[in-house]
Amino acid sequence: MSVLTPEPSPGPVPPKLRPPKDSPQRAPQIAARRAAAKAAWLRRAGALVAVLAAVLATIAVTAGPIRAAGANPTAAYKRYLMVPLTSVNGVVEVLIAATPLLFTGLAVAIAFKAGFYNIGGEGQFLVGAVGATAVALNLPDAPRPVALTTALAVGAICGVAWMAIPAYLRTRFGIDEVVTTLLLNPVALLVVQGLLNGPWRNPKTGFANTIEFSGSYALPRLFGTRVHAGLLVALLLVVVTGVLVATTATGLRLKAVGQAPGAALASGIDVKGYQLKAALISGGVAGLGGAVQVCGVSHQLTESISHNYGYTGIVVATLGALSAIGVTLVALLLGLIGIGAEKAQVSLHLPSYMGEIMSATLLLTVVAALVIRFWRPRWWKRLVAKGGAS
Amino acid sequence: MTQTLAVLTMMLTVATPLVFAGLGEVITERSGVLNLGIEGTMYLGAFVGFLASGALHSAWWGILVAMLAGAAAGALMGLLTVTVGVNQHVAGIGTTLLLVAACNFVSRLKSSGGASEQVPKLSKLFGSTAVIGQYPLTYLALFVVAPVIWWVLRSTGMGLKLRAVGESPEAADAAGVSVPLTRYLALTVGGAFMGLGGAFLTVAMLGSFSLDIVSGRGWVCIALVIFGRWKVWPTVGGALLFGFAEGLEKQLAITTTFASVPNELWLALPYIVVVAALIIWGRGVRYPGAYLKAYKRA
């Protein structure tokens with residue numbers, strides 16, 4: 001565009017040397033670049049305003065039920081958003097709560113990025129936990145490095161295997177992955193319950209949970225707190241995935257497959273192959289999350305090992321705009337709200353389900369606000385048509 | 001023989017909520033909106049139906065209130081997917097998460113733990129005779145609701161408009177059909193049936209409420225609609241197939257031959273049957289033309 005400007009060149013310009021910045025030749029180029037930068041900045045500012053409006057809307061909507069439950073909304077929000085951060089112990093709890101959400105959020109983000117709607121993070125997380133538990137119960141005497149590597153690897157493989165069914169059905173037969181991944185969630189929960197009520201029932205207590213794992217299956221703790229190494233694994237995965245998607249040709253093709261499958265196919269990209277691989281990786285990440293949860297937090301398999309982590313992962317990925325930074329921040333935020341909700345249940349007698357209500361409302365208001373921000377009233381459109389505003 | 005009859009009795013009872021909710025989903029998807037809020041809407045219907053039938057001392061009033069609640073949930077989906085036009089997958093999952101959490105919140109406020117109370121519930125007709133002794137809602141579903149929806153979709157102007165909006169909203173709009181109004185109507189009516197399906201679980205089958213009452217039945221309905229290719233009778237057939245699998249599972253689980261098979265495997269069987277049915281009959285289906293697409297006038 002800039003090289004083909006209509007003005008004749010003021011003199012012989014060496015072919016590879018760009019004209020100086022103040023040259024009239026460069027002026028349109030620079031103006032275009034400035035306009036693009038301004039537009040991008042405006043877009044970002046608009047999105048930020050929309051998200052802030054959505055946050056305010058969420059607070060306004062949830063204030064009603066909080067008051068109806070007999071609590072003061074201001075006190076409740078303080079518990080949800082601030083109190084956990086005022087103590088070291090609170091921060092530790094938030095980090096622990098955010099770790100599974102990092103895994104499931106990343107898992108969903110990878111799949112969504114490729115245009116594969118994996119709604120089965122819940123099931124993959126559960127079978128991942130089952131896989132790690134199977135290793136821990138059968139090889140209790142393995143040395144720690146071997147034990148942990150095997151447990152986490154088997155957990156991830158179980159997640160991949162659980163995802164293999166919907167992924168294969170989608171790419172081979174075109175069967176909607178939303179339905180198949182969803183239907184496998186209750187099945188995975190039944191697998192967990194079946195094992196806990198059957199072969200894995202605790203022989204000492206008779207309760208439906210496994211015995212505690214041997215010490216070699218406990219993930220190392222960080223900084224002498226209860227935060228476990230799973231957090232580092234999750235962050236590492238998020239960063240590596242983010243960098244790979246942003247900088248490599250494979251990442252670019254992945255985005256093309258998700259955003260414009262027709263165009264991707266026409267330019268010779270193996271669309272189905274990419275979707276299959278993205279789906280399997282997604283299942284593996286969710287499964288790894290389940291394995292990390294049993295090895296890092298509970299040290300045994302229980303029925304309630306997943307507090308809706310798979311479904312919340314969809315919230316994390318969507319609110320995080322499928323980006324590495326976004327997923328990290330939203331996972332931390334939802335971890336914070338989750339811990340805050342537990343605290344509010346104790347101190348304000350506000351059922352902790354309020355935390356889930358808040359995250360679901362936030363999801364809906366944010367996705368709505370991001371669309372609504374492109375709405376323009378009719379008088380505005382008329383003004384633009386007249387050329388009055390830009 | 002008695003076992004066969006027991007399986008068939010169970011089949012009809014289990015299929016009833018799926019017929020209601022599945023046909024509700026047929027209506028909404030035929031208008032071009034995938035309502036993944038179905039799981040949450042059924043949960044809402046189950047919970048609200050339970051509360052209302054206790055408060056109003058009548059199962060039928062409970063069912064009516066549950067239908068209104070379901071319609072409201074459908075209107076919420078309409079606000080998100082029709083008026084605003086957000087991604088339908090995200091809107092549906094978000095609606096389900098919101099409704100389930102909201103019901104659990106209220107449930108916890110009402111009763112701080114402990115056993116769930118019993119409320120007035122429907123009783124079976126014909127003195128609970130095998131197979132024909134069903135809840136009145138079962139007869140309503142199979143002999144009134146399904147034929148009426150089939151007839152409305154196939155043979156009335158309203159049904160034609162609904163299908164037109166789901167296949168080609170541009171053409172429908174050009175012909176003078178209001179796309180938003182039609183979709184709102186489809187979502188509220190469909191939502192009311194989903195609420196009714198949910199209410200059947202509490203007000204007819206159990207008479208009480210528990211947190212795992214719906215346990216994926218809404219997702220089953222989504223599968224049934226694909227399996228039924230967005231047609232009324234095949235979807236009803238799919239619901240009966242699921243009901244048959246569950247009835248069979250309940251019967252086989254109590255026979256001595258299979259005593260060693262864990263109960264959870266039986267419980268998982270209906271879901272696996274649905275996935276298998278999708279693999280066999282769900283390939284290469286043709287989705288409604290405007291499926292998942294928000295409509296905006298150019």
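B:Q251 is buried, with a relative accessible area of 17% (buried is under 20%, exposed over 50% and partly exposed in between, using a 1.4 Å probe and protein chains only). That residue opens the first exercise below. A quick note before starting: this is a predicted model, where local features need pLDDT of at least 70, side-chain atom pairs count only at pLDDT 80 or more, and totals for chains, interfaces and linings use all residues. Residues are numbered from 1 along each chain as its sequence is written, chains are lettered from A and ligands numbered from 1 in the order in which they are written, and side-chain values use heavy atoms, leaving out hydrogens and water.

**Exercise 1. Place B:Q251 in its helix and find its contacts beyond four places in sequence.**

Start with the helix: B:Q251 sits in α10 of chain B, residues 232-253 (helices are DSSP runs of H or I with at least four residues, strands runs of E with at least two, numbered from the N terminus). Next, skip the neighbours within four places in sequence, and B:Q251 is in contact with B:Q3, B:A6 and B:V7 (contact: heavy atoms within 4.5 Å).

**Exercise 2. Stay in α10 of chain B and work out how B:E246 and B:K250 are paired.**

The idea first: side chains of opposite charge can pair when their charged atoms come close. Here B:E246 and B:K250 form a salt bridge, with the closest N and O atoms 3.9 Å apart (the cut-off: a side-chain nitrogen of Lys or Arg within 4 Å of a carboxyl oxygen of Asp or Glu). The two are four residues apart in the helix, so about one helical turn separates them. Now add B:E249, whose side chain meets B:K250 in a salt bridge at 3.1 Å, N to O. Check burial: B:E246 is buried at 9% and B:E249 is buried at 2%, whereas B:K250 is partly exposed at 32%. Finally, widen the view: B:R217, B:E246, B:E249 and B:K250 are linked in a network of salt bridges.

**Exercise 3. How many salt bridges does the whole structure hold, and what does the one between A:E93 and A:K343 tie together?**

The search over all chains turns up six. In chain A, the side chains of A:E93 and A:K343 meet at 3.6 Å, N to O. A:E93 lies in α3 (residues 88-113) and A:K343 in α12 (residues 324-348), so the pair ties together parts of chain A that are 250 residues apart in sequence. A:K343 itself is partly exposed, at 28%.

**Exercise 4. Classify the ring pair B:F227 and B:W281.**

Count first: there are 14 aromatic pairs over all chains (rings of Phe, Tyr and Trp, the last by its six-membered ring, with centres within 6.5 Å; planes under 30 degrees apart are stacked, over 60 edge-to-face, the rest tilted). For B:F227 and B:W281 the centres are 5.7 Å apart and the planes at 75°, so call this pair edge-to-face. Then locate them: B:F227 is in α9 (residues 217-227) and B:W281 in α11 (residues 263-281) of chain B, so the pair ties together parts 54 residues apart in sequence. B:F227 is buried at 16%, while B:W281 is partly exposed at 47%.

**Exercise 5. Which charged end sits over the ring of A:F173?**

Look across to chain B: the charged end of B:R283 sits over that ring, 4.2 Å from its centre (NZ of Lys or CZ of Arg within 6 Å of the ring centre and within 35 degrees of the ring normal).
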